[in-house]
Structures are given as C-alpha cells and as structure tokens.
Amino acid sequence: MVTTILIVVVVLVLLLLSSSVRMVQQYQRGVVLRFGRLLPAVRQPGLRLMVPIADRMVKVPIQTIVMDVDPQGAITKDNVTLSVDAVVYFRVADPVKAVVNVENYLGAISQVARTSLRSVIGRADLDTLLSDREQVNAELRAVIDTPTEDWGISVDRVEIKDIALPEGMRRSMSRQAEAERDRRARVIAADGEFQASAKLADAARAMGVPSGALQLRLLQTVSDVASDKNSTLVMPLPVEVLRFFERATGSDGDWTGAAPADAPLPAAAPSADASGNAVERLRTDGDGARQ
C-alpha cells in the first residue's frame, strides 16, 4: 500500500516538473500569463521554468511570414474593372501586443490586406498600376502598416503579383501599342528622308561649283553601268542639246520634246531628267556596238 502511494506521488511530481519546463525555440518568443495576468518579461529562447498550474505560455514566432492575398476585384480611378492579387511580408515586432491586443493576428492581417488592396486600387488609374508598381506598393504598405502597429506587427514589404485585365481592355491596349509603334516608324522614316534630301542637296551644290566635277561623275556612272555587260547603255546628254533641237525645229521657248510631223525623227528620243541633262537610251549588242 505504501509502495503504491509512493509511486503515485512520484508520478505526480514528474508530471508537475514536466509541465513546469518549457522549451522556446530560437525563432520564437514566449509570453507568460500567470493566473490570467500578463508577466512583463518575455521568455527568450532556451529551457524556461514555469509555475505549474499557475502559468500559461504562448509561443509567438518572430520569423517573417509570407501571406498571399487572394485576387480581389476592384475598379480603378478611370473606371476600369480588374482583378489584382498581392503578397504581404510581415513579422511580429512585439510579441506581447500580438497576444494581448488582437485575437488572431494572421486573420487580421489577411482582412486588412484585402480591404487596403481594394482601397488603393480605387485611388489609382490603370496607367499608374501598370507603369509605376513601386509607388502603388509603397502606398499599399503604408495603408496596411497603419492599423497593425497596435497589434505589434511590422509590415516589411507588399508586392502586387498580377493584374488581370478584361479581354476587351487587352485588345484595346494592343491596338494602342501597335499604333504607337507605327507612328514611331513613320517619324523615323520621314526623318531619314529629310536627312537624305539634305545630304543630296549638299552634294549637288558641291558638284555644281567645279565645271568638270559633274561631267566626271556622269562618266563614272556610265562606266559603272557598262561594266555589268548590259545590252542597254544609258548616255547622259547636256541640256544644251535640247536647246539645239529646239532651235532646229523652230519651236518656241516652251519646248516639250515633240518634233513636227514633217521633221525627220532623230536616232534616239531624248528626255530631260531632274539634273537638267538629257538621257538617250542606245541599244547595243553584245560587243558594245551601237545599233
């Protein structure tokens, strides 16, 4: 009988001792309530002794917690309906406030993040959401962090993950981007034409000052054409030749290049180009002889 009593007492003592020892991990902090009253000292990592039955410890993790915010439907400032989801990074800065001031800080953070996301999206327009994510993220973090200070929670970062646009809005944005690219292409092409025309005008003035520069250029062009073994040779003629034909035909100053009906036809019909010279097309055979 005595042995049985001793065994029961030993078992009870062991149970009390086991209940009075608590282990706090490195990533945790212990908040102790004694008979329902908060003890000011926060238990640090390691083995901690507690008063059996009287003390109750709540372990609070101080790691950074990553919480996904479900996609929320919202209307932007410019009346565009879209769906936005985000992710919140936060941690417990004050374990005592996280235990005493809020019942479930994880659920509270989740609800605050959802409502704040809708509020921030409603104050921004679509272009700001798409082009300036950093500003929207900073504003969203400030809105979420304001009520969580009383809960002992510190919001480190808030990121908008995805913005789901309606299909019609996507097509409109695609057409807008395509039109913008076409506009840039036309502006670049027009600028290239303008620069090319300016260079050509400079080249024409440079070649027109010396008396023989233009003639040498024409001869070089004829040489380049003849080197390709073509059956047709293009010969430039000075504009004075046209004036000779004008005087020979007896027409007035407004000569159009058409000979009278009774006048003999020339060997080749000349035509005037933009440089003031005439071009006569001479057909040649394989040996380069004129036909």
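Here are three short exercises, with worked solutions, on a predicted model.

**Exercise 1.** Work out which strands stand at the edges of the open sheet, and why one side of each is left without a neighbour.

*Solution.* Start with the order: 3 strands form the open sheet, running β3-β2-β5, with antiparallel pairing. Next, look at the ends of that order: β3 (37–38) and β5 (55–61) each have a single partner strand, so one side of each has no neighbour in the sheet. Now zoom in on one pairing: β2 (residues 28–34) meets β3 over 2 bridges. In β3, L38 is the bridge partner of L33.

**Exercise 2.** Find the salt-bridge partner of D55, and decide whether D55 is buried or exposed.

*Solution.* First, the partner: the side chain of D55 meets that of R34, at 2.6 Å from N to O. Then place both residues: D55 belongs to strand β5 and R34 to strand β2, so the salt bridge ties together parts that are 21 residues apart in sequence. Finally, check accessibility. Buried means under 20% relative accessible area, so D55, at 11%, is buried. R34, at 31%, is partly exposed.

**Exercise 3.** Locate where confidence is highest and where it is lowest in the chain.

*Solution.* Begin with the average: the chain has a pLDDT of 78, and 78% of the residues score at least 70. Then go to the extremes: strand β7 (residues 81–92) is highest at a mean of 92, while strand β11 (residues 278–283) is lowest at 38. Over residues 253–291 the pLDDT is below 50. The lesson to take along: where pLDDT is low, predicted coordinates should not be read in detail.

How values were computed: Residues are numbered from 1 along each chain as its sequence is written. This is a predicted model: local features need pLDDT of at least 70, side-chain atom pairs count only at pLDDT 80 or more; totals for chains, interfaces and linings use all residues. Side-chain values use heavy atoms; hydrogens and water are left out. Two strands pair if DSSP finds at least two bridges between them. Helices (H or I, at least four residues) and strands (E, at least two) are DSSP runs, numbered from the N terminus. pLDDT is the predictor's confidence in each residue, from 0 to 100. Contact means heavy atoms within 4.5 Å. A salt bridge is a side-chain nitrogen of Lys or Arg within 4 Å of a carboxyl oxygen of Asp or Glu. Buried means under 20% relative accessible area, exposed over 50%, partly exposed in between (1.4 Å probe, protein chains only).
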